[in-house]
Amino acid sequence: MEWSSKSATKAYFDTLQLCNNHKRQYGTWRVQNPGSNEFVSALAAGMKAKLIVEVTSHVSLTTLALAAAARQNGVRMVCILPESILNDSQEVINNSGLKDQVEFRTEDPSKLLPFYENIDFFLVDCNKDENYAKLLNLVDVNLTRSIVVAKNMVGDGDKKGIRWCLRGKDEKLEVRSLKHPLGNGMKVTRISKSDDTNMRFEVKGDYSKKRRKSSWIAKFDEESGEEHIYRVPQVDWF
């Protein structure tokens, strides 16, 4: 799987800035686990995803994160959500300067998803959607390389969610999943060629026993005049 550390880093800090700007403007959203949105953005940008699809009940910081990744990759993401919140969602995206990166769709996800083929990066919010397992079974992923994220996973209710990829598995593919505490429980599933062993993820936090030396990155905030230093451990996820 092609992986660009440069793209991942740029998307990470772009998302960090977008989230901070939104919190200053609206003062309403809280990040449940620091780094979760930045991680998702870096993941989508680092793998250079061309088709990014999100199914959610509302626009969130995660939507901004995926839009930032889409901007880094020079593409548009697809956000599928209820029609009743479309106007408010468009306003949030427009105010964030991401209008050109997001395509909103308000159809029934179960009927719309089959029309998207070879999805590179798919994310579904399981918090308020009991049919997330069904939606995962409808996703047509890129079998050469793709990532599926199910966020807000609680308990062991996600077991059905990975059967869709196991059914398509053969000796030439690898399908690996990892669940971790980011975002109130997040499962990341990677599909790739079996000889694809060079992909590494850089995340904040201790989520693996296989750790390499951490790196330190400095970011200057032009608005406040402050310099922030971030410690980013490098983790071998799979």
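This passage describes the sheet, the buried elements and the nonpolar cores of a predicted model.

Residues are numbered from 1 along each chain as its sequence is written, and side-chain values use heavy atoms, with hydrogens and water left out. Because the model is predicted, local features need pLDDT of at least 70 and side-chain atom pairs count only at pLDDT 80 or more, whereas totals for chains, interfaces and linings use all residues.

Seven strands (DSSP runs of E, at least two residues, numbered from the N terminus) form an open sheet of mixed pairing in the order 3-2-1-4-5-7-6. Its edges are strand 3 (102–105) and strand 6 (173–180), each of which pairs on one side only; pairing requires at least two DSSP bridges between two strands. On average, neighbouring strands are turned by 15 degrees against each other, direction ignored, with axes given by lines fitted to C-alpha atoms, for helices over the stretch in contact, and angles running from 0 to 180 degrees between N-to-C directions.

Strand 1 (residues 52–55) and strand 2 (residues 77–80) run parallel and are joined by four bridges; V53 has V78 of strand 2 as its bridge partner. Strand 4 (residues 121–125) is likewise parallel to strand 5, through five bridges, and F121 stands opposite I147 in strand 5. With strand 7 (residues 186–193), strand 5 pairs in the antiparallel sense over seven bridges, V148 standing opposite T189.

Strand 5 (residues 145–151) is largely enclosed by the rest of the structure, because seven of its seven residues are buried, that is, under 20% relative accessible area with a 1.4 Å probe and protein chains only, exposed being over 50% and partly exposed in between. In a regular strand the side chains alternate between the two faces of the sheet. Both faces of strand 5 are covered, with R145, I147, V149 and K151 on one side and S146, V148 and A150 on the other. Helix 2 (residues 36–46; helices are DSSP runs of H or I, at least four residues) is also largely enclosed, since eleven of its eleven residues are buried. K48, which follows helix 2, has a positive phi near 55 degrees.

The largest nonpolar core (buried Ala, Val, Leu, Ile, Met, Phe, Trp, Tyr and Cys residues joined through side-chain atoms within 4.5 Å) has 36 residues, and I52, L66, M77, F104 and F121 have the most contacts inside it. Helix 3 (residues 61–73) supplies the largest share of this core, seven residues. Apart from this core lies another, of 23 residues, among them I80, L113, V139 and A150.
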